[in-house]
Amino acid sequence: IVLVCDAIVAACVLMVGLVDGVPGLCAVEFLAGLSAAVASSCVFALWMTRVPESQRGGILVLTSTSTMLATASTVVFGGLLVEQVLKPAFQTQHWIAEVLGRMVSPGEGQAVAAMFVMCGLLGLSVSMAGIAMRPLRDMR
């Protein structure tokens, strides 16, 4: 369930880069939030059933802290990727811009949309690789 929900979230990230308009973005965001909540709940339940009761508080702190660090680093590195790599690439018609420019709408937010497409494709690839691995699929 977790890997399928992660794949849905990754597909939603990809769609954020491709969808135009607020209603479409709201629908994609709703589906991503719903899938992420299901995945998070399942992972939390998995941790709590596998960890001895005396260590559960520490694990909860560790997972919460790592989630906050991942969120903060995603924002920082995503911003750097857009500002330092993708915007200049779209301004100079670099090959990155030619490949990704066909997928995203032209305009001011083209570099940000391209970042969402790239991250969505990467996340979808990782999720599909996880689904393809039998030990991960069979983990309960």
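Modeller: A pocket is an open set of points on a 1 Å grid over the protein atoms alone, where a 1.4 Å probe fits and protein lies on both sides within 12 Å along at least five of seven lines. Its lining residues have an atom within 4 Å of a point. The second largest pocket here holds about 440 Å³ of space.

Biologist: What kind of model is this?

Modeller: This is a predicted model, where local features need pLDDT of at least 70 and side-chain atom pairs count only at pLDDT 80 or more, while totals for chains, interfaces and linings use all residues. Residues are numbered from 1 along each chain as its sequence is written, and side-chain values use heavy atoms, with hydrogens and water left out.

Biologist: What makes up the secondary structure of the protein chain?

Modeller: There are 6 helices and 0 strands. A helix is a DSSP run (H or I) of at least four residues, and a strand (E) needs at least two. Along the sequence, the pattern reads α-α-α-α-α-α. The C-alpha atoms fill a box of roughly 55 × 30 × 25 Å along the principal axes.

Biologist: Why is H1 called roughly antiparallel to H5?

Modeller: The axes of H1 (residues 2–18) and H5 (residues 110–132) cross at roughly 160°. They come within 7 Å. Roughly antiparallel means over 145 degrees, so H1 and H5 earn the label. The axes are lines fitted to C-alpha atoms over the stretch in contact, with angles from 0 to 180 degrees between N-to-C directions.

Biologist: How do you know which residues make that contact?

Modeller: Contact means heavy atoms within 4.5 Å. On H1, the residues include Leu3, Ala7, Ala10, Leu14 and Leu18. On H5, they include Phe116, Gly120, Leu124, Ser127 and Ile131.

Biologist: How many of these residues are nonpolar, polar or charged?

Modeller: The contact of H1 with H5 has 17 nonpolar, 5 polar and 1 charged. Ala, Val, Leu, Ile, Met, Phe, Trp, Tyr, Cys and Pro count as nonpolar; Asp, Glu, Lys and Arg as charged; the others, Gly among them, as polar.

Biologist: What makes H1 and H2 roughly antiparallel?

Modeller: The axes of H1 and H2 cross at roughly 155° and come within 8 Å. That angle makes H1 roughly antiparallel to H2. The crossing is left-handed. Cys5, Val9 and Cys12 of H1 are among the contact residues, as are Leu25, Ala32 and Ala39 of H2. By class, this contact has 16 nonpolar, 1 polar and 1 charged.

Biologist: Which hand do the H5 crossings have, left or right?

Modeller: H1 and H5 cross left-handed. H3 passes H5 right-handed. A crossing is left-handed if the near helix is turned anticlockwise from the far one by less than a right angle, and right-handed if clockwise. The axes of H3 (residues 56–91) and H5 come within 9 Å and cross at roughly 115°. Leu81, Leu86 and Phe90 of H3 take part, as do Val112, Met115 and Met118 of H5. This contact has 9 nonpolar, 2 polar and 1 charged residues.

Biologist: Which residues lie closest to the centre of the largest pocket?

Modeller: The largest pocket holds about 830 Å³. Of its 26 lining residues, Ala36, Thr67, Ala70, Thr71 and Thr74 are closest to its centre. H3 gives the largest share of the lining, 12 residues. The lining has 17 nonpolar, 8 polar and 1 charged residues.

Biologist: What lines the second largest pocket?

Modeller: It is lined by 15 residues. Ile1, Val2, Leu3, Leu136 and Met139 lie nearest its centre. H1, H2 and H6 (134–137) each supply at least two residues. H2 gives the most, 5 residues. The lining divides into 11 nonpolar, no polar and 4 charged.

How values were computed:
Angles under 35 degrees count as roughly parallel, over 145 as roughly antiparallel, 65 to 115 as roughly perpendicular and the rest as oblique. Grid points are joined across faces, edges and corners, and a volume is the space filled by probe spheres set on the points.
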